[in-house]
Amino acid sequence: MPSVLKRFSIVPSGAGMGGLVLAVSLQKYSPSTQVDIYESTNELAEVGVGISMFPRVWEIFRDLELEDSLLEVTGTTREAPRECSRIL
């Protein structure tokens with residue numbers, strides 16, 4: 001009898017930074033994993049707060065090929081000092 005591989009399923013709770021980065025990471029590094037994100041709001045929108053990130057977080061975004069999109073959306077430039085936190 002041939003073995004049947006079951007597709008692994010992940011359900012991040014919320015479409016915040018953590019849930020979305022997890023979904024993108026799994027899509028890139030484990031494409032056979034199904035990811036369904038559940039969010040309680042009807043619409044994703046800015047909530048008026050800033051997000052400070054340490055340099056390592058930005059390196060992860062770069063590894064996930066998200067840097068260009070984030071720079072465009074936030075109006076941040078690559079010339080910002082790498083040794084301090086980036087603010088989105």
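A residue is called buried when its relative accessible area is under 20%, exposed when it is over 50%, and partly exposed in between (1.4 Å probe, protein chains only). Keep that in mind, as it will come back throughout this tour. The model you are looking at is predicted, so local features need pLDDT of at least 70, side-chain atom pairs count only at pLDDT 80 or more, and totals for chains, interfaces and linings use all residues. Residues are numbered from 1 along each chain as its sequence is written, and side-chain values use heavy atoms, with hydrogens and water left out.

Let's begin with the overall layout. The chain has three helices and four strands; here helices (H or I, at least four residues) and strands (E, at least two) are DSSP runs, numbered from the N terminus. Walking from the N terminus on, you meet the elements in the order β-α-β-β-α-α-β. Of the 88 residues of the chain, 18% count as buried. Contacts, meaning heavy atoms within 4.5 Å, also tell us how the chain comes back to itself. Among contacts between residues at least 6 apart in sequence, 58% join residues at least 24 apart.

Now find helix α1. This helix has 13 residues and reaches 18 Å from its first C-alpha to its last, close to the 18 Å expected at 1.5 Å a residue. The expected span is 1.5 Å times one less than the number of residues in the helix. Which residues of α1 are buried? They are G19, V21, A23 and L26. These buried residues pack against β1 (9–10), β2 (34–35) and α2.

Follow the chain onward to T33, in the loop between α1 and β2. With 9% relative accessibility, T33 counts as buried. Not counting residues up to four places away in sequence, T33 touches R7, F8, I10 and L26. The side chain of T33 also joins that of S30 in a polar contact of 2.5 Å. Such a contact is a pair of N or O atoms within 3.5 Å; within protein, one must be able to donate a hydrogen and the other to accept it, and residues adjacent in sequence count only if both atoms are side-chain atoms.

Next, turn to the pair of helices α2 (residues 55–63) and α3 (residues 67–74). They pack at an angle of about 115 degrees, with their axes 7 Å apart. Axes are lines fitted to C-alpha atoms, for helices over the stretch in contact, and angles run from 0 to 180 degrees between N-to-C directions. Where they meet, W58, F61 and R62 in α2 touch E67, L70 and L71 in α3. Sorted by class, this contact has four nonpolar, no polar and two charged residues. For this sorting, Ala, Val, Leu, Ile, Met, Phe, Trp, Tyr, Cys and Pro count as nonpolar, Asp, Glu, Lys and Arg as charged, and the others, Gly among them, as polar.

E67, which lies in helix α3, deserves a closer look. Is E67 buried or exposed? E67 is buried, because its relative accessible area is 7%. Its side chain makes a polar contact of 2.9 Å with the side chain of W58. E67 also forms a salt bridge with R62, the closest N and O atoms being 3.3 Å apart. A salt bridge is a side-chain nitrogen of Lys or Arg within 4 Å of a carboxyl oxygen of Asp or Glu. R62, for its part, is partly exposed, with a relative accessible area of 33%.

How many salt bridges does the structure hold? There are three, and two are still to be visited. In one of them, the side chains of E59 and R56 meet at 3.2 Å, N to O. E59 and R56 are three residues apart in helix α2, so about one helical turn separates them. E59 is partly exposed at 33% relative accessible area, and R56 is partly exposed at 48%.

In the other, the side chains of K28 and E65 meet at 3.6 Å, N to O. This pair links distant parts of the chain: K28 sits in helix α1 (residues 17–29) and E65 in the loop between α2 and α3, 37 residues apart. The C-alpha atoms of E65 and K28 are separated by 9.7 Å. K28 is partly exposed because its relative accessible area is 34%, whereas E65 is exposed, with 64%.
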